[in-house]
Amino acid sequence: MTPILIALTIGIPWLGAIIVWLMGDRREELTHWVSILFSIGAAVTSVLLLPNASRETALTIPIGGDFGDFTFVADGLGIFLSVIAAVIGSLAVIFSKNYMKGEASLGRYYAFVLFFIGAMVGLVLSSNLLLTFLFWEITALCSYALISFHNDDPKAVKGGIKALIITSIGGVGLMVGALIVYAYTGSYDINNFLANYSTIPGNILALLAFGFLIAAAAKSAQFPFQTWLPDAMEAPSPISALIHAATMVNAGVYLLARFYPAFKDVPYWSEAVMIVGALSALLAAVMALVSNDLKRVLAYSTVSQLGYMVYAIGTGSVYASQFHLFSHSIFKALLFLSAGAVIHSIGTRNMLEMGGVGKKLPLVKWVFIIGALALAGLPILNGFWSKELILESGLKNGPLWLYIVMVFVAGLTALYTIRCVWLVFFGEPRSEYHAHAIGWEMIAALLPLAGAALVSWLAAGRFSVLLGEKSLPFHAIEPLPYKEMMHEVLSLPTLVVMVVITAAILLWVFRKKLEGLINGLKSIRWAAENSFGFEAINNAIVKVTQSTAEALRVTQTGILNWNVFGILASVIILLAILVLGA
Amino acid sequence: MTSNFLFSSLLLLPFLAAPIVYMLGRLTARNGNVLGISLTRALTVFFLLVEGCLLYLVVKQALSSGGAYLLIGDEPLVFDGIGLILACVVLFLGLMVTLFSIDYMNNEKGEEKFYALLLTTIGSIIGLGMSYDLFNLWLWFEAMAISTYLLVAFYNDEPPSLEAGVKYLVQSAVGSALVMFGIAMIFSQTGSITLTDLWQLTSSEAPLAKIAGVLLIVGFGVKTALVPLHTWLPDAHSQAPSGISAMLSGVVIEAGLVAMLRAISMFGKVDFNWGAILIGFGCLNILIGNLMALRQTQVKRLLAYSSLAHVGYMLLGFGFSMAFGRFEGAAGGFFHLLTHSMMKGLAFLAAGALLFTLHLSKQEHVPLTLDDLNGASRKYPVAAFALGLAVLGLGGIPPMAGFMSKWQILVAGVKAENTLMLIVVIFAALNSILSLGYYAPLVNRMYRHEPSTAVEQGSKMPGLIIVPLVILSIAIVVIGVWPSSVQFLTEQAGLSLLYTFFY
Amino acid sequence: MNLPIPLIVLITILCLAGIGLYCLLITRNLIKVVIALQLIVKGAVLAFILAGNMTGQLNLAQSMALTVIVADTIVAVVGLALAVQIRLKTGSLDIKSLSSLKR
């Protein structure tokens, strides 16, 4: 049963992708419905996989040679992520029916969305490192194609290429890692590696561990690779919700979670992971606080929350990190889709031009507030439970100063969240805008997510069993029923965090009175608006490459004498090298 | 049929077919005589298909009888894995190019010359793969070179084509002369030029052998477009008719590489240095190829520079196999030869299709620029998709075949378990990403909604041109998801190569 | 001179090749380029003969030399044909004017 379900969960969206591409742009309504059909099909089969979690190799496609056999394992970690990918994928597709109405090239749009869903499922279910990398690169391709969907907009094209290049550079880390695993253990199989990782010499294992960390950091837009995610917001909002909040950026966290047992003993690795996570969380939270673009705030917020997940893995609690991933996918997708509804309706992304939207779009306001409360980590929403679990693990296993930083970031999160909600939905409209009503498709996508944000934490127990011994033999995750989890979370450290969050909210409410303090932090504000120098570094790298290339063009002189000279020069140089080298 | 007969006809058929095709074309060349030229084209396709059948029969015979070889006087010709893969690649690509050129070269002056020369090129490349003797190698190599000189300068009314042809001729001839000196030196030292004899004899490090080796590498290297011997390449590949550009980038350069490998095979056991030279050239090619392509504005020139980079990957693979004895390097190098010929062939054919509809069909001999590609996908969806697929495949993105072939080469590098080689592997991977920096914007341009003026005024895409584009696209994706489908070819070739190095 | 013949031949080869290569680097006229190529190849032909003499395989060397001469003649013919066409179309045989394809 399981092999068929795996094949279907990948195959159905891919088949849909081919069909939708070939359908072209001739019949818009049909294209929408066909895509919705295929995405729901994938969602159904992925959910059907849930009861069958096991660590046995479920599906094998023999290839042989230096490519190993393409194997798939339907274990808990993989299944839960594929359910997220497929279900949120179908919600995004349903949302797109309204959001992308009347756009051209819909065939290309839906084809890449469906292709992406299949690839993401394949990525998490694969048990062959080469295959994992293959799907990794395919998701990068789809992400690039969808960010630069509006090819006529130079910003979108630039954003797409930037995302492609930065994530691919990180991907080199995964690629080298996969090659090392193959060279030293003779097989690409992940479970085989996790069982035998001690046979790899220490320095090579360290190279492997840090290579994977770089790959994960680039894919999940962590420090120092975080610059691509805000620019990826040029993509249509359903894409931002699906790819850049709920699924693809989670691939990095997935990688770290999957390979944690092998790397946890590598010297300095856990510390590096914690610092990467904490730095990303902090820097992104500050940048979110000063940004005026609604989607950019959410993008920075994603980076920040992913930082929490990465930090959690560094402290050793894979369960907390994955639980937060679960909550985050839900509430962040919710936030992006509602933001998309607002942007689609109002016509601008600039929060300074909004205000009072809540009066025109009350439903959107309420679901956005639900998502915001989950993001800020307020009880009883799912974000609260998962974030507290992470902070608990941090207090227990990580250095105290990092814990304090993460609590501070929790406060910042609350602050920028309430700022966002306030600027958009409350107050008086700050510019002339006309709010279109939103369609039923958007509502149909938003409501389930809002509901899930309220109750998904109740599945904590089931979730821990899913990740437990039966499917992840090397991770040692204990079952944690939700009542026990509630008991664990509702304790003194949580109270401290609640105080910090309340303080942050009060800060916003009394912001007029604190003008002096805010003015004093102007230099930090300036640094944050300039992304703390990372954009400048990116631009410098691009500029250097381009000017080197331009300078090199001189060598192609076009004059025959120089060409022949080149031939003779090489003979002489080679002879010299050989004679000297002997 | 005896194996000797099959083998000899495999080698001779193109050279018999070429004058027949040419005569037929010439004799029926009257204005508006469509039948004559159609017959010529059909005959070319027919001969290529027959050649393919002969190849298949020879392979079957070889497998059953344990090897196919032929002795013409003292010249040995052996049908091994390297010859097989080269013959398969050249026949497949040649067939695609012929189908493509039926519409592309329609009504060009001297069209029958084109097909005849194409046949001789194909024939000489097949022969090149079979030769086991240095001088024989040089001879087939020279035949291939002469055929391509005429093909590059095909548009002999256009000064840029002539210029490209002359530069190509002079540099290639210099290379050939250097090869001759190298062969003469080896001959003077050892008294023999058959490879099997040379493998036995050259275990003593005669100083002249080193000089001969360098001359051979540089001499064949001109044709293989090693940097800094590559300066003829951008001009020749961009000025030739698009089908020939595809052949040049796809097989001719690789044939030069195979010739070079055969020639220096005797040095395989002697020294580590020779494999290192290949790896060094490989890295240089990859870097320079990608950097130079980054700033190009003409499509065909951009693709030509990217060929430099891909030859670099092949050199890396072969260098790994020569320096460290890694089988994956040899198999990977040949795999990349196969996939690159298909992807670069598809890229040039798709770009050629667009060049044809946008410019050539209106008799304007201007190069296709990147700006011309804006919005091409709406009017020419198949060509745009094919070009996008080929170009992203060249950048190493799955599920196209380039990903798998690059992977196999990098496996060889890591398995060598050498820190320097690990750095080379990372360098090669990063360069792959650098190449995306000029491939991705190209694809983005094609999928704009706002068409360029050229696209708006472009004519209709002829039907037959699309057929090879579709066939190649499907082949690339199939090999990309199922790499073992061609492993029988590449592994055979890899084994043969290691045999020649470490006999 | 009482130099042994092989040495004379060797010096001739080096002179031919050297002059040919030098001309290729210096000259600006296409016809001279083709002639320089011819010089180099003739040097190579002599090299074959010398090699054959040194190893006693004169027959093999002679056949190689003849083949090389044939092949090289064809190359020269093609080269000169291109030169003629260039002269017709651009009116000049100067290499510097043949550098429109660059960068």
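# Exercises on a predicted complex

P13(A) lies in helix α1, which spans residues 2–23 of chain A. The exercises below start from this residue and then move on to other places in the structure, which is a predicted model.

**Exercise 1.** Determine whether P13(A) is buried or exposed, and list the residues that it touches beyond its neighbours in sequence.

*Solution.* The first step is to look at the relative accessible area of P13(A), which is 0%. The second step is to compare this value with the cut-off, since a residue is called buried when its relative accessible area is under 20%; P13(A) is therefore buried. The third step is to set aside the neighbours within four places in sequence, after which P13(A) is found in contact with L8(A), A42(A), L114(A), F115(A), I117(A) and G118(A).

**Exercise 2.** Find how far apart P13(A) and K332(A) are in sequence and in space, and do the same for M23(A) and E535(A).

*Solution.* For the first pair, begin with the sequence, where P13(A) and K332(A) are 319 residues apart, and then go from C-alpha to C-alpha, which gives 23 Å in space. For the second pair, note that M23(A) is also found in helix α1 of chain A. M23(A) and E535(A) are 512 residues apart in sequence, and their C-alpha atoms are 40 Å apart in space. To complete the picture of M23(A), leave out residues up to four places away in sequence, and the residues that M23(A) touches are L30(A), T31(A) and V34(A).

**Exercise 3.** Describe the surroundings of T357(B), giving its helix, its accessibility and its contacts.

*Solution.* Start with the helix: T357(B) has its place in helix α13 of chain B, which covers residues 327–358. Next comes the accessibility, and because its relative value is 0%, T357(B) counts as buried. The side chain of T357(B) has a polar atom that lies 3.1 Å from the backbone oxygen of L354(B). Finally, if neighbours within four places in sequence are left aside, T357(B) is in contact with K362(B), Y380(B), G458(B), S459(B), K460(B), M461(B) and P462(B).

**Exercise 4.** State which side chain makes a polar contact with the side chain of S242(B), and place S242(B) in its surroundings.

*Solution.* S242(B) is found in helix α10, residues 242–263 of chain B, and it counts as buried because its relative accessibility is 0%. Its side chain makes a polar contact with the side chain of K300(B), at 3.2 Å. K300(B) appears again when the contacts of S242(B) are listed without residues up to four places away in sequence, for S242(B) touches F100(B), Y104(B), K300(B), F348(B), L349(B), G352(B) and L355(B).

**Exercise 5.** Describe the interface of chain B and chain A, from its residues and area to its salt bridge.

*Solution.* Begin with the residues, of which 70 come from chain B and 59 from chain A. The area buried between these two chains is about 5,700 Å², and carbon and sulfur atoms give 75% of it. Within chain B, the residues that lose the most area to chain A are R295(B), W407(B) and N444(B), which together make up 13% of what that side buries. The count of salt bridges between chain B and chain A is one, and R295(B) forms a salt bridge with E550(A), whose closest N and O atoms are 2.6 Å apart. There are also 16 residue pairs in polar contact across this interface. On the side of chain B that touches chain A, the largest share, 13 residues, comes from helix α17 (residues 419–446) of chain B, and by class that side has 47 nonpolar, 11 polar and 12 charged residues.

**Exercise 6.** Describe the interface of chain C and chain A in the same steps.

*Solution.* The contact takes 13 residues from chain C and 12 residues from chain A, and the buried area is about 1,100 Å², with 62% given by carbon and sulfur atoms. In chain C, L25(C), I95(C) and R103(C) lose the most area to chain A, together 56% of what that side buries. The count of salt bridges between chain C and chain A is zero, while three residue pairs are in polar contact across the interface. Helix α1 (residues 5–26) of chain C gives the most to the side that touches chain A, with four residues, and by class that side has eight nonpolar, two polar and three charged residues.

Terms used. Residues numbered from 1 in each chain as written. Chains lettered and ligands numbered in written order. Predicted model: local features only at pLDDT ≥ 70, side-chain atom pairs only at ≥ 80, totals over all residues. Heavy atoms only, no water. Contact = heavy atoms within 4.5 Å. Buried area = accessible area lost by both parts, 1.4 Å probe. Salt bridge = Lys/Arg side-chain N within 4 Å of Asp/Glu carboxyl O. Polar contact = N/O pair within 3.5 Å; in protein donor to acceptor, adjacent residues only side chain to side chain. Helix = DSSP H or I, 4+ residues; strand = E, 2+ residues; numbered from the N terminus. Nonpolar A, V, L, I, M, F, W, Y, C, P; charged D, E, K, R; others polar. Buried < 20%, exposed > 50% of the residue type's maximum accessible area, 1.4 Å probe, protein only.
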